Amino acid sequence: MTQRDQIYASPLDAIGAFAFDEQVARVFPDMIQRSVPGYTTIVAMTGVLAERYAQAGSRCYDLGCSLGASTLSMRQYLDDRHCEIVAIDNSPAMIERCRAQIAADQHTAPVTLRLDDIASTPIDNASVVVFNFTLQFIPPEQRDTLLARVGDAMRPGGVLVLSEKIRFEDEHLQALNTDLHHAFKRANGYSDLEISQKRTALENVLMPETIATHQRRLRSAGFTSVDVWFQCFNFASLVAIK
């Protein structure tokens, strides 16, 4: 049974920086469903995109895999594709729970779990790479290098899926979409206290960028076709073809 996220439900004397620790891993499915509009659709379509673009004999990467939702979505389409899925996360708590999820899954595509830092982990022979709400937690000064390395590791015709919280250059749109996101969270049962305390915890940890910045970076990394395929409020998913 999914545990309800109540991490920020009571007033905290000191709010530490948000971390993907055991406390978060326990409630992560509830947390992300109630916090990220469109998450279910994005994860489901990750599998559909993998079915279209995964190449036989290649690897499909889930970078920042957390509990393995995107890995499992890809896996259901790749049993006969002769691909290896490589799921990587730097949180021991997430990898441990992800391992249990993979073990309980009935599909047969091989999955390798790797406890590692995606900024430095080896990536090669890739036809599908997924960053679902991962890049936003990487220091901005490391993002260009990471995406360039991923681009170099991808086969021609491969696909990258990049899902992120975004910010807007227009101040009115930034304020509007922030308010709409908070309304979404309230509708899903979060209190103003929870919203405020979590926002403080994420400050300087989750650093969103504009869609234009993501598009520029992806094109610089060698992706020739780049576009937004999904957006709801200040959350978007881009698809990039090598």
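This report describes the cavity, the largest pocket and three helix pairs of a predicted model.

**The cavity**

The model holds one cavity of 30 Å³ or more. The largest cavity has a volume of about 50 Å³. Its lining is formed by D5, Q6, I7 and Y8, together with K185, Y190, E194, I195 and K198. Among the elements of the chain, helix α7, which covers residues 192–202, gives the most to this lining, namely three residues. Sorted by class, the lining of the largest cavity contains four nonpolar residues, one polar residue and four charged residues.

**The largest pocket**

The largest pocket has a volume of about 990 Å³. It is lined by 48 residues, of which F20, Q136, F137, L202 and L206 are the closest to its centre. Several elements each supply at least two residues of this lining: the helices α1 (22–35), α3 (69–75), α6 (171–187) and α7, and the strand β2 (84–89). The largest share comes from α6, with five residues. By class, the lining of the largest pocket comprises 23 nonpolar, 15 polar and ten charged residues.

**Three helix pairs**

The table lists the angle and the axis distance for each pair.

| Helix pair | Angle between axes | Distance between axes |
|---|---|---|
| α5 and α8 | about 40° | 8 Å |
| α6 and α7 | roughly 125° | within 10 Å |
| α1 and α6 | about 130° | 8 Å |

The first pair joins helix α5 (residues 140–153) and helix α8 (residues 211–220), which pack at an angle of about 40°. An angle of this value makes α5 oblique to α8. In passing α8, α5 forms a right-handed crossing. On the side of α5, the contact is made by R143, D144 and L147, and on the side of α8 by R216, R217 and L218. The contact of α5 with α8 has two nonpolar and four charged residues, and no polar residue.

The second pair consists of α6 and α7, whose axes cross at roughly 125°. An angle over 115 degrees but not over 145 falls in the oblique class, and α6 and α7 are therefore oblique to each other. The crossing of these two helices is right-handed. In this contact, T178, H182, K185 and R186 of α6 meet D192, I195, K198 and R199 of α7. The classes here are one nonpolar, two polar and five charged residues. Some residues of this contact also have a place in the cavity: K185, I195 and K198 take part in the meeting of α6 with α7 and are among the residues that line the largest cavity.

The third pair is formed by α1 and α6, which pack at about 130°. These two helices are therefore also oblique to each other. Q33, R34 and S35 of α1 make the contact with H181, F184 and K185 of α6. By class, the contact of α1 with α6 includes one nonpolar, three polar and two charged residues.

**Elements that recur**

Helix α6 takes part in the contact with α7 and in the contact with α1, and α6 also gives the largest share of the lining of the largest pocket. Residue K185 of α6 belongs to the contact with α7, to the contact with α1 and to the lining of the largest cavity. Helix α7, for its part, supplies at least two residues of the lining of the largest pocket and three residues of the lining of the largest cavity.

Key: Residues numbered from 1 in each chain as written. Predicted model: local features only at pLDDT ≥ 70, side-chain atom pairs only at ≥ 80, totals over all residues. Heavy atoms only, no water. 1 Å grid on protein atoms, 1.4 Å probe; cavity = no way out; pocket = protein on both sides within 12 Å on 5 of 7 lines; lining within 4 Å. Points joined across faces, edges and corners; volume = space filled by probe spheres on them. Helix = DSSP H or I, 4+ residues; strand = E, 2+ residues; numbered from the N terminus. Nonpolar A, V, L, I, M, F, W, Y, C, P; charged D, E, K, R; others polar. Axes fitted to C-alpha atoms, helices over the stretch in contact; angles between N-to-C directions. Parallel < 35°, antiparallel > 145°, perpendicular 65-115°, else oblique. Left-handed = near helix turned anticlockwise from the far one by under 90°. Contact = heavy atoms within 4.5 Å.
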